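Biologist: I'd like to learn how to read salt bridges in a model. Could you walk me through some?

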Amino acid sequence: MFENTDPKTLNHVGQGAPRVESRPKLTGQATYVADMTLPGMLHAQVKKSPHARARIVRIDTAKAEALPGVRAVVTGAELDYRVGLYMVDKCVLAKGEVRHYGEAVAAVAADTLLIAKKAVELIEVEYEVLQPVLHPMDAIKDDAPLVHPDLGTYDYFKPAFTPQPGTNIVNHNKIRKGDVEKAFEESEYIIERFYTNPSVQHVPIETHVAIAQWASGDQVSIWSSAQSPHTVKNLFAVAFRIPHRNVRVMVPYIGGGFGGKAGIGLEPLVGVLSRKAGGRPVKMQATREEEFSLLPCRSGLQHRIKTGVSADGKILAQQMTQYWDAGAYADYAVNVQRAASYSGSGPYEIPNCWVDSYAIYTNKPFSTAYRGFGHVEFHWGIERHMELVASAIGMDPLEFRMKNLLRPGARTITGEEITEHTGNVIKCVESVAESIQYGALTPEEKEREKKTGRKIGKGVAALQKAPAMPPFTAASVILKMNQDGTVTVNVSLTDMGQGTYTSLAQIAAERLKFPLDKIHVAFECDTDRDPYDWQTVASKGLMLTGNAMILACEDLMKNAYEVASQILRATPHDMDHDEERIFIKHHPSRGIAFTDIAVGYAYPDGNGIGGPLIGVGKYIAQGLGHIDKETGQGLPALDWTYGAHALVVEADPETGEYTILKIASAFDVGKAINTNLVRGQAVGGMVQGLGTAFCEGYIFDDQGRLLNPSFTDNKIPTAMDLPLEVESMVVETAQIDGPYGARGVGEHSMISVCSALGNALQQAIGVELTHMPMRFEDVWRAINNKTPIDNWITKSPVGSCRSAPELRKHE
């Protein structure tokens with residue numbers, strides 16, 4: 001919408017307006033669920049399993065129930081409910097068997113948090129410990145224990161997913177394009193390699209927190225730090241078999257989410273505790289340790305890639321097998337895995353492609369959405385593989401990429417044709433390569449090598465991502481004009497720090513021709529009062545809700561013009577407006593102020609017309625469909641956002657220690673609605689990507705116990721880890737169906753950071769890294785050809801994953 005608008009005519013779109021929520025956040029006035037205390041509120045705690053897999057023999061809650069101040073105790077045995085977004089496979093509390101370390105087996109609500117903690121300690125649980133299945137490659141063996149023997153009985157979203165009952169494969173997606181076998185036969189080179197990465201935690205500043213009050217008549221009010229209030233409402237109502245009208249979800253300010261709060265979390269638990277406590281509100285906030293084990297994480301991935309290349313460096317065929325560690329429950333993992341299948345080639349033209357992508361149950365904390373939605377994980381393999389293929393065939397990695405990147409006329413692995421409007425990944429790669437002066441060291445860099453004794457390398461990595469969502473994904477906006485002519489915006493898209501409300505306010509101000517300070521986006525989302533929005537995920541918010549905002553503005557002005565036309569006795573086509581009034585174009589002195597018609601207009605004799613000025617906008621994804629389950633062909637992508645990173649790194653060739661000197665990032669955003677927010681997303685995602693690259697990852701012992709469930713041993717980046725220089729660039733290839741040509745960029749800055757670092761390290765000191773994170777000791781091990789520690793479990797069952805690349809040259 002309005003993608004061809006001349007930038008010179010724009011007053012708000014394209015500007016770096018300050019964030020609309022800066023003042024309440026910086027002054028401490030913003031209210032989070034953690035800040036809230038309701039009258040009569042109780043505090044909840046859970047009893048967690050110390051085992052990854054065990055049968056629950058007995059739970060004795062008598063001592064806990066007898067403790068003064070305890071108002072409710074519940075166990076899984078008394079709860080006949082399951083929850084799940086795409087696969088309904090999870091009980092509110094473990095029932096009969098625990099499936100991962102840290103899973104909740106009982107819960108308590110008490111007058112104080114201290115009493116609740118004491119009561120949990122008094123609960124006695126007898127377990128029959130069972131052998132867990134911890135690695136996805138073990139879980140798919142014929143004799144593997146079944147994490148979910150009842151998989152075949154679960155409800156699931158049938159158009160998109162294909163579980164395999166009697167196995168641990170909760171979903172399998174296929175891509176079949178061209179004739180892969182023939183293309184491999186015609187290839188000059190065939191290169192095959194295995195890449196791995198572990199599960200990681202989202203670590204938002206605000207941990208999961210929810211309050212629920214289950215009142216009489218099954219009227220349930222929920223206050224939550226959830227990303228997607230209408231999703232929580234829907235899943236809660238379906239799970240407990242109560243009407244949707246009975247469930248009200250309110251989301252105030254959110255202290256970060258990154259996908260970890262996208263689905264349903266603590267809400268069912270505090271709901272059942274409130275019901276048992278006679279309707280008193282119950283609150284639970286997860287500790288940081290509970291974030292790591294009780295609540296979901298990002299999927300781990302084992303990724304085999306086999307590529308056939310012609311003598312001149314063109315990719316002819318690629319076969320990819322992805323083994324995703326879903327953990328104990330499907331949650332978002334199956335959709336992450338599905339999105340990774342149809343996007344799995346990266347931004348390259350692959351004429352013949354074969355993908356098998358599996359989501360696999362294991363006895364580990366379950367997986368969910370995470371910024372990048374699987375693309376961080378599989379791009380690690382794809383972009384490292386492009387580097388290794390180029391090295392193996394003797395071609396410069398940048399030249400190899402440029403030869404194979406998508407361009408207009410090419411087709412994706414699902415058959416979608418790339419057009420001039422799809423985006424320009426080539427320009428993104430060229431921009432970052434130029435920024436770091438790829439291909440040679442500058443005189444200053446050569447002098448730095450002499451002084452430090454370290455080696456400098458430069459690496460590039462490309463990326464792509466489309467929103468992963470159902471074809472019926474929709475958003476809506478309501479605008480209400482106030483008596484003073486200002487406008488209040490109601491949406492259910494949440495702003496958890498990404499700045500979307502600021503961009504939406506800019507779009508509204510632009511379309512209404514109002515000053516930005518006349519637009520107020522209400523921050524607290526309330527499903528009883530705010531219109532529907534599918535979810536705040538997938539980098540789709542700006543595009544879908546932005547379009548709905550434009551349509552709401554059009555509707556508001558249409559309604560205002562209809563009233564004004566009666567008052568001014570003129571056709572709406574002959575009228576225009578400014579920030580204060582509607583007027584007749586050819587008689588501009590004749591007009592009516594918005595303040596006079598905002599809530600209705602009264603003639604001098606007292607007769608009224610009009611009424612409150614309201615604008616409604618709704619927008620649904622256009623032209624999408626479910627991909628074919630056998631071939632993977634179809635149109636699953638609303639839009640593609642392309643990008644690239646380039647890194648300059650210096651590394652010690654003996655110890656493996658390294659420093660990132662510079663990172664340059666470029667993204668084709670279509671149109672930057674807010675230039676400052678785009679840079680904020682780019683830098684923030686880059687730093688988060690560096691955490692994945694060099695320090696983050698779950699480590700389990702061979703019984704499935706998480707060994708690093710806190711920041712003591714599970715580090716995240718700090719300001720001390722920032723590169724010495726950061727450059728962020730935008731490319732603007734207008735998205736035809738995007739608001740003013742914009743497309744999403746919320747997740748993309750995190751994708752391929754890790755592979756760009758791996759590529760730079762390879763250029764610097766020749767190490768071939770196939771597992772992330774790349775800690776100093778991992779680089780040292782690669783230098784000395786020592787097997788690195790497996791972050792999946794401390795005793796790795798897959799030692800072959802780090803073998804040298806297999807290169808076969810056809811004669």
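Modeller: Happily; we'll go through the salt bridges here pair by pair. This is a predicted model, where local features need pLDDT of at least 70, side-chain atom pairs count only at pLDDT 80 or more, and totals for chains, interfaces and linings use all residues. Residues are numbered from 1 along each chain as its sequence is written, and side-chain values use heavy atoms, with hydrogens and water left out.

Biologist: What counts as a salt bridge, and how many salt bridges are there?

Modeller: Side chains of opposite charge can pair when their charged atoms come close. The rule asks for a side-chain nitrogen of Lys or Arg within 4 Å of a carboxyl oxygen of Asp or Glu. That gives 41 salt bridges.

Biologist: Which parts of the chain do Asp325 and Lys364 tie together?

Modeller: Their side chains form a salt bridge at 2.4 Å, N to O. Asp325 sits in strand E17 (residues 315–327) and Lys364 in the loop between strands E18 (353–361) and E19 (367–368), so the bridge ties together parts 39 residues apart in sequence. Strands (E, at least two residues) and helices (H or I, at least four) are DSSP runs, numbered from the N terminus.

Biologist: Are Asp325 and Lys364 buried or exposed?

Modeller: Both are buried. Buried means under 20% relative accessible area, exposed over 50%, and partly exposed in between (1.4 Å probe, protein chains only).

Biologist: And what is the N to O distance for Arg280 and Asp111?

Modeller: That salt bridge spans 3.8 Å, linking distant parts of the chain, 169 residues apart. Arg280 is partly exposed at 30%, and Asp111 is partly exposed at 27%.
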